[in-house]
Amino acid sequence: MAQAAAVAKPPAPPRRRRASATPRRLPYLLIAPAALLMLGFIAYPVISVFYYSLQEYNPTKPWRNGFAGLDNFTKIFTDDPVFWDTLVFSAKWVFVEVGLQLLFGLALALIVNQTFVGRGIGRALVFSPWAVSGVLTSAIWVLLYNSQTGITRYLADMGIGEYGTSWLSDTSTVFSAAVVADLWRGVPFFAILILADLQSVSKDLYEAAEVDGASRFKQFWHITLPHLKDAIILSTLLRAVWEFNNVDLLYTLTGGGPAGVTTTLPLYIANTSVDAHDFGYASALTTVAFVILLFCSIVYLRLSKFGGDNK
């Protein structure tokens, strides 16, 4: 017993204080107000659109307001030829605009990626149209297309065309005129993203390819293009969504005319809600447009294998 008592017991390890949970939660508490504010600005409009898509809501005809169920959607697919016309034109607009903007943007990015005198100024000039708003862009091109003081006047002075010609009022030229105006603004977007990705391509790959006797085209096809795959997929997807939702430029430039030939689906939605005050039907059209964009985006990302192997 004495020996056992003589053996000193090892001191107990100090008890650790429980870490306060406040420091861990502090970052979330700090961003909570901004997150809730953003959620309110995003969630509330989306929920409202889904809600009103099931309603017949027109402030100018309050006696007709009420629950409509799926009547708005039935009307869209069975009794609204304007919907199909605007949807077809929207697809045409997106395909032409995104395709041309990608080609010209890629070409400009490859040019300004080279080393030459005044490259900084050249890049600034290439990227500057992207800083111009859609309404201001359309105002600039309205002046350029003006039949009295614009491009057609100077072409007529040189004997090309006739005086008083308005490309925005002619159904055979309005689409091309609108495409050119939007190209001026949209091409820099692709040039910026593609140029940023070009900066990360190792020069050793090109030097090794030159040693192996690869031509400039083969270097572009087997080195540059595979490296730009994800940047091209992402930029084309973003730009396709933006072009599909393009309202400001076409509304200011053509107003959807002449004879409605340049009316996109979002512009049709805007006219239905703002001009006709039929917010219930406009909400149903918005819901259909949202589903179309979501479906096409998912299919595009799956087919393009975004983020996957470049081989």
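What percentage of the 311 residues of the chain count as buried? In this predicted model, the share is 34%. The secondary structure around these residues is made up of 14 helices and two strands.

The overall dimensions give a first view of the fold. The radius of gyration of the chain is 29 Å, whereas a compact globule of 311 residues would have a value near 19 Å. Measured out along the principal axes, the C-alpha trace spans about 120 × 75 × 35 Å. Contacts across the sequence are nonetheless well represented: among those between residues at least 6 apart in sequence, 70% join residues at least 24 apart. The chain exposes about 19,900 Å², and carbon and sulfur atoms supply 67% of this area. As for charge, the chain carries 23 positive and 21 negative charges, and the mean positions of the two sets are 21 Å apart.

Attention can now turn to individual residues, beginning with Arg239. This arginine has its place in helix H11, which covers residues 229-244. Is Arg239 buried or exposed? Arg239 counts as buried because its relative accessible area is 5%, below the 20% cut-off. Its side chain makes a polar contact with the side chain of Gln101, at 2.8 Å. Gln101 is also one of the residues that Arg239 touches when those up to four places away in sequence are set aside; the others are Val98, Trp130, Asp182, Gly186, Phe189 and Phe190.

Helix H4, residues 81-112, holds another residue with little accessible area, Thr86. With a relative accessible area of 3%, Thr86 is buried. The side chain of Thr86 reaches the backbone oxygen of Phe83 at 2.8 Å. Beyond the residues up to four places away in sequence, Thr86 touches Thr263, Thr264, Leu265 and Tyr268. Of these, Leu265 and Tyr268 fall within the range of helix H13 (265-275).

Arg119 offers a second arginine to set beside Arg239. Arg119 lies in helix H5, residues 119-127, and counts as partly exposed because its relative accessibility is 27%. Which backbone oxygen does the side chain of Arg119 reach? The partner is Gln114, at 3.3 Å. Gln114 also appears among the residues touched by Arg119, together with Val112 and Asn113, once residues up to four places away in sequence are left out.

The backbone has some notable features of its own. Most residues other than glycine have a negative phi, and most peptide bonds are trans. Against this background, a cis peptide bond joins Gly257 and Pro258, with omega about -5°. Pro258 lies in the loop between helix H12 (248-253) and helix H13 (265-275). Ala259 is found in this loop between H12 and H13 as well, and Ala259 is exposed, with a relative accessible area of 77%. The C-alpha atoms of Ala259 and Leu301 are separated by 36 Å, the two residues being 42 apart along the chain. Leu301 belongs to the stretch 279-304 assigned to helix H14.

Two residues that are not glycine have a positive phi, His277 at about 60° and Lys305 at about 55°. Where is His277 found? This histidine sits in the loop between H13 and helix H14 (279-304). Lys305, in turn, is found in the segment after H14. Their accessibilities can be read side by side: His277 is partly exposed, with a relative accessible area of 31%, and Lys305 is exposed, with a relative accessible area of 59%.

Finally, the strands frame one further residue, Trp63. This tryptophan is found in the loop between strand S1 (55-56) and strand S2 (66-67). Trp63 counts as exposed because its relative accessibility is 67%, over the 50% cut-off. How many ångströms separate the C-alpha atoms of Trp63 and Glu97? The separation is 43 Å, for residues 34 apart along the chain.

Conventions:
Residues numbered from 1 in each chain as written. Predicted model: local features only at pLDDT ≥ 70, side-chain atom pairs only at ≥ 80, totals over all residues. Heavy atoms only, no water. Helix = DSSP H or I, 4+ residues; strand = E, 2+ residues; numbered from the N terminus. Rg over C-alpha atoms; globule rule 2.2 N^0.38 Å. Buried < 20%, exposed > 50% of the residue type's maximum accessible area, 1.4 Å probe, protein only. Contact = heavy atoms within 4.5 Å. Areas by Shrake-Rupley, 256 points an atom, 1.4 Å probe, with all protein chains shown as cover. Lys, Arg positive; Asp, Glu negative; His and termini not counted. Charge placed at Lys NZ, Arg CZ, Asp CG, Glu CD. Polar contact = N/O pair within 3.5 Å; in protein donor to acceptor, adjacent residues only side chain to side chain.
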